[in-house]
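Here are a few exercises to work through with the model open beside you. Try each task on your own before reading its solution.

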Amino acid sequence: MRPGDREELESWVRARTTPQRRVERARVILGSAGGLSARALRREAGVSLPTVKRWLDRYEAEGLAGLEDRPRSGRPRTSVTPEVEAEVVRRTLEEKPPRGTHWSTRLMAEAAGLHHSQVGRIWKAHGLKPHLTRTFKLSTDPEFVAKLRDVVGLYVDPPERAVVFAFDEKSQIQALDRTQPELPLKKGRRGTMTHDYKRHGTTTLFAALDVATGDVIHECMPRHRHQEFLRFMSEVEKQVDPALDLHVILDNYATHKHAKVASWLERHPRVRFHFIPTSASWLNLVERFFSELTQRQLKRLAVCQWPSKI
């Protein structure tokens, strides 16, 4: 070993910030200086015999300089100037491509005179993802704040001697049946089902979720009108202790505000409706039940078993 190299190589091994490849090469040289054979060095450093021979030969010929990385073969990477990078970012944020609704790496590379991998690195560095979008909806209800406080108040601090229900309808549920039996999940293969299916009609699920207990009162009906809504609300009203009031959270669907519904409410004064703001279905807790139902049942099964509790 050349004078002074041992201390330098040992510092490579000790330092936490030394790249692993340099630590590997340093261990090969130090192990060889300690009298280890090539096979022992292979086990010690966890590399192949040709790799051990390569680093020993390069150290013998060039010293520590021979342990550094050499330029790789192939076309060298061309650097992108800050001005070009800023122009790519500006175009991504402010312009649209002439032949589409959003930029791809290849469209931007063609427009900016770069390689598509360079565009990809620029977008990654700036956190830009033109191929992804997120939808949003803002409520324009002039009584948004008042309705929000009313509904949240029912969730957080419900009235005494009352039951709070979150109500909604899930319409146009399709009863589908696959044309062939599904193949089960097994090791190395996901569960599969046929792409084609048979239709067996549609139904509408009426559901009232008890906010306090999570129990769900539900019924399927072929149509989605005020007649079916009143029939279901009458059934819910019958199942609740007559000594308790009913507070129902529901959306602004026209069926819920029909004249016959208003007349029914006058005959049942213990039932009170609380309407969520327009475009704010996220405020209705029963939507969480519908989400679980879709994920656990409707996406894969032809015959659905309605859960009675969330």
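**Exercise 1. A lysine in its surroundings**

In which helix does lysine 147 lie? Then decide whether lysine 147 counts as buried or exposed, and list what it touches.

Solution. Keep in mind throughout that this is a predicted model.
- Step 1: find the element. Lysine 147 belongs to helix H8, which covers residues 144–156.
- Step 2: check the accessibility. The relative accessibility of lysine 147 is 17%, and buried means under 20%. Lysine 147 therefore counts as buried.
- Step 3: look for partners. Setting aside residues up to four places away in sequence, lysine 147 touches Asp141, Asn252, Phe275, Ile276 and Pro277.

**Exercise 2. Laying out the sheet**

In what order do the 5 strands of the open sheet come, and which are the edge strands?

Solution.
- Step 1: read across the sheet. The order is S3-S2-S1-S4-S5, with mixed pairing.
- Step 2: pick out the edges. S3 and S5 each pair on one side only, which makes them the edge strands.
- Step 3: add the twist, which averages 30° from one strand to the next.
- Step 4: zoom in on one pair. S1 and S2 run antiparallel and are joined by 11 bridges. Within this pair, phenylalanine 165 has aspartate 210 in S2 as its bridge partner.
- Step 5: add the helix. H9 packs on the sheet and touches S1, S2, S3, S4 and S5, and its direction makes about 150° with that of S3.

**Exercise 3. Tracing the core**

Which residues have the most contacts inside the largest nonpolar core, and which element gives the most to this core?

Solution.
- Step 1: name the hubs. The largest nonpolar core has 20 residues, and those with the most contacts inside it are Phe165, Phe167, Phe229, Phe232, Val236, Val248 and Phe273.
- Step 2: see where the core comes from. At least two residues each are supplied by S1, S2, S3, H9, S4, H10 and S5. H9 gives the most, with 5 residues.
- Step 3: follow one hub. Beyond its neighbours within four places in sequence, valine 248 is in contact with Phe165, Phe167, Met233, Val271, Arg272, Phe273 and His274.
- Step 4: look elsewhere. Another core of 13 residues lies apart from this one, and Val28, Ile29, Leu30 and Leu41 are among its members.
- Step 5: set this in context. In soluble globular proteins, nonpolar side chains tend to be buried together.

**Exercise 4. Two crossing helices**

At roughly what angle do the axes of H6 and H7 cross, and which residues meet there?

Solution.
- Step 1: take the geometry. The axes of H6 (residues 105–112) and H7 (residues 116–126) come within 8 Å and cross at roughly 105°.
- Step 2: classify the angle. Since 65 to 115 degrees counts as roughly perpendicular, H6 and H7 are therefore roughly perpendicular to each other.
- Step 3: list the contact. Thr105, Arg106, Met108 and Ala109 in H6 meet His116, Val119, Gly120 and Trp123 in H7.
- Step 4: sort these residues. They divide into 4 nonpolar, 3 polar and 1 charged.

**Exercise 5. Positive phi values**

Where is glutamine 172 placed, and where is serine 279?

Solution.
- Step 1: recall the background. Most residues other than glycine have a negative phi.
- Step 2: take glutamine 172. Its phi is positive, near 55°, and its place is in strand S1. With a relative accessible area of 56%, glutamine 172 is exposed.
- Step 3: take serine 279. Its phi is also positive, about 60°, and serine 279 sits in the loop between S5 and helix H11. At 36% relative accessibility, serine 279 counts as partly exposed.

Key. Residues are numbered from 1 along each chain as its sequence is written. This is a predicted model: local features need pLDDT of at least 70, side-chain atom pairs count only at pLDDT 80 or more; totals for chains, interfaces and linings use all residues. Side-chain values use heavy atoms; hydrogens and water are left out. A nonpolar core is a set of buried Ala, Val, Leu, Ile, Met, Phe, Trp, Tyr and Cys residues joined through side-chain atoms within 4.5 Å. Buried means under 20% relative accessible area, exposed over 50%, partly exposed in between (1.4 Å probe, protein chains only). Helices (H or I, at least four residues) and strands (E, at least two) are DSSP runs, numbered from the N terminus. Contact means heavy atoms within 4.5 Å. Axes are lines fitted to C-alpha atoms, for helices over the stretch in contact, and angles run from 0 to 180 degrees between N-to-C directions. Angles under 35 degrees count as roughly parallel, over 145 as roughly antiparallel, 65 to 115 as roughly perpendicular and the rest as oblique. Ala, Val, Leu, Ile, Met, Phe, Trp, Tyr, Cys and Pro count as nonpolar, Asp, Glu, Lys and Arg as charged, and the others, Gly among them, as polar. Two strands pair if DSSP finds at least two bridges between them.
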